[in-house]
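Welcome! Take a moment to look over the sequence and turn the model around before reading on. The paragraphs below will walk you through it step by step.

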Amino acid sequence: MGKKERSKKQRKPSQREETENGSFSALKKRNSLQTDKVKKTPKKSTNFRYVAPFERNHRLLLIGEGNFSFAASLQKHHLDDEAVLIATCYDTKADVELKYPDASEYIEQILQNGGEILYDVDATKLKQNKKFRNQKFDTILWNFPHSGKGIKDQDRNILDNQKMLLEFFKQSKEFLSEKGVIVITLAETKPYNLWNLKGLAKEAGFVSLMTEGFDSSFYPEYSHRRTIGWKQGISEKSNWKGELRDSRHYCFVLPGSNVVPYNQRKTFKEKSDSVDSSDDSID
Ligand SMILES: C[S@@+](CC[C@H](N)C(=O)[O-])C[C@H]1O[C@@H](n2cnc3c(N)ncnc32)[C@H](O)[C@@H]1O
């Protein structure tokens with residue numbers, strides 16, 4: 001990893017950068033869905049190397065994209081010709097155009113390179129969505145999920161997001177191939193580390209495959225977007241960079257899956273233009 005990437009990874013966000021709704025008070029009461037303790041995240045070692053939580057020829061379904069910059073970057077740098085990419089967002093096409101002025105360039109790029117874009121896809125209603133009938137995916141990935149309802153009370157905010165993710169887990173099962181993996185990327189700070197993500201996955205019938213520190217420099221075009229959209233003074237490139245927060249991929253599979261955790265594979269292949277990778281799991 002070059003000097004530039006290292007300094008990007010080491011940058012600590014301010015507290016204001018940490019939540020969708022601007023609420024920072026520590027959780028005093030645990031809500032009913034929370035069971036696990038908050039773990040202190042160990043500092044990444046200086047030889048941190050990133051392992052992507054998918055394979056280059058996978059059928060990928062991306063959930064909850066913002067400006068589609070992650071999807072475009074992933075497709076550009078890390079997928080082979082036989083891969084399938086369906087990138088989805090919760091918003092309608094009109095809302096995407098309004099909320100994310102830079103989305104159109106990424107969408108065009110994805111379409112030109114053979115990917116598919118779906119608007120108005122609710123992660124909690126995948127089974128009702130005719131577009132996914134009889135479809136199976138090897139990776140279903142959601143970066144920085146957040147319901148974004150602006151709920152000020154932190155307990156209620158957490159609960160709202162937990163309900164959303166629990167339903168997503170339950171719904172997504174049907175769409176996983178035999179080697180299918182669900183990947184959720186979350187910042188390693190409050191309140192996200194109070195969401196009990198692993199507990200939610202377990203409740204929905206999943207088992208943890210691995211966790212892996214997220215390195216946004218692997219996706220050079222990716223610029224994180226908040227659910228509320230691009231905001232002058234908050235989302236400007238020089239200002240708030242959600243993709244640079246310390247964050248982690250959490251990967252889940254169904255019981256009986258014989259998928260080998262990506263960070264335990266000796267044969268992990270990378271393109272020459274990508275960042276080196278190896279084991280960084282805290283599990
Ligand atoms: C914090 S933003 C992250 C956006 C994007 N993944 C990124 O990393 O830049 C959370 C995303 O989750 C989406 N979202 C919220 N509720 C959703 C739902 N029920 N189904 C699918 N996406 C949802 C929002 O529209 C928003 O795009």
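**A guided walk through the model**

Let us begin in a loop: Pro191 has its place in the one between β5 (176-187) and α6 (197-203). Please keep in mind along the way that this is a predicted model. What kind of peptide bond joins Lys190 and Pro191? The bond is cis, with an omega of about 0°. That is worth pausing over, because most peptide bonds are trans.

Another loop holds a second point to look at. Find Asn134, which is placed in the loop between β3 (116-118) and β4. Asn134 is not a glycine, and yet its phi is positive, at about 65°. As a general background, most residues other than glycine have a negative phi.

Now let us move on to the pockets. The second largest pocket encloses about 500 Å³ of space. Its lining is made up of 32 residues, and those closest to the centre of the pocket are Gly64, Tyr90, Trp142, His146 and Thr227. Which elements give two or more residues to this lining? They are α2 (69-78), β4 (137-143) and α5 (154-172). Of these, α5 supplies the largest share of the lining, with three residues. You may remember β4 from the visit to Asn134, as that residue's loop lies between β3 and β4. By character, the lining of the second largest pocket divides into twelve nonpolar, eleven polar and nine charged residues.

Where does the ligand sit? Its place is in the second largest pocket. There are 18 residues around the ligand, and the nearest of them are Gly64, Ala123, Asn143, Tyr222 and Arg225. Gly64 is a name you have met already, being one of the residues closest to the centre of the pocket. The shell around the ligand is made up of seven nonpolar, seven polar and four charged residues.

Finally, zoom in on the atoms. With Tyr222, an oxygen atom of the ligand is 2.5 Å from an N or O atom in the side chain. With His224, the distance from a ligand oxygen atom to a side-chain N or O atom is 3.2 Å. On the nitrogen side, a ligand nitrogen atom is 2.9 Å from an N or O atom in the side chain of Asp122. How much of the ligand's accessible area does the protein cover? The ligand has 580 Å² of accessible area on its own, and the protein covers 97% of it.

Methods
Residues are numbered from 1 along each chain as its sequence is written. This is a predicted model: local features need pLDDT of at least 70, side-chain atom pairs count only at pLDDT 80 or more; totals for chains, interfaces and linings use all residues. Side-chain values use heavy atoms; hydrogens and water are left out. A residue is near a molecule or strand if one of its heavy atoms lies within 4 Å of it. A polar contact is a pair of N or O atoms within 3.5 Å; within protein, one must be able to donate a hydrogen and the other to accept it, and residues adjacent in sequence count only if both atoms are side-chain atoms. Accessible areas come from the Shrake-Rupley method with a 1.4 Å probe; for residues, only the protein chains shown count as cover. On a 1 Å grid over the protein atoms alone, a cavity is a set of points where a 1.4 Å probe fits but cannot get out, and a pocket is an open set with protein on both sides within 12 Å along at least five of seven lines; lining residues have an atom within 4 Å of a point. A molecule sits in a cavity or pocket if more than half of its atoms lie within 2 Å of its grid points. Ala, Val, Leu, Ile, Met, Phe, Trp, Tyr, Cys and Pro count as nonpolar, Asp, Glu, Lys and Arg as charged, and the others, Gly among them, as polar. Grid points are joined across faces, edges and corners, and a volume is the space filled by probe spheres set on the points. Helices (H or I, at least four residues) and strands (E, at least two) are DSSP runs, numbered from the N terminus.
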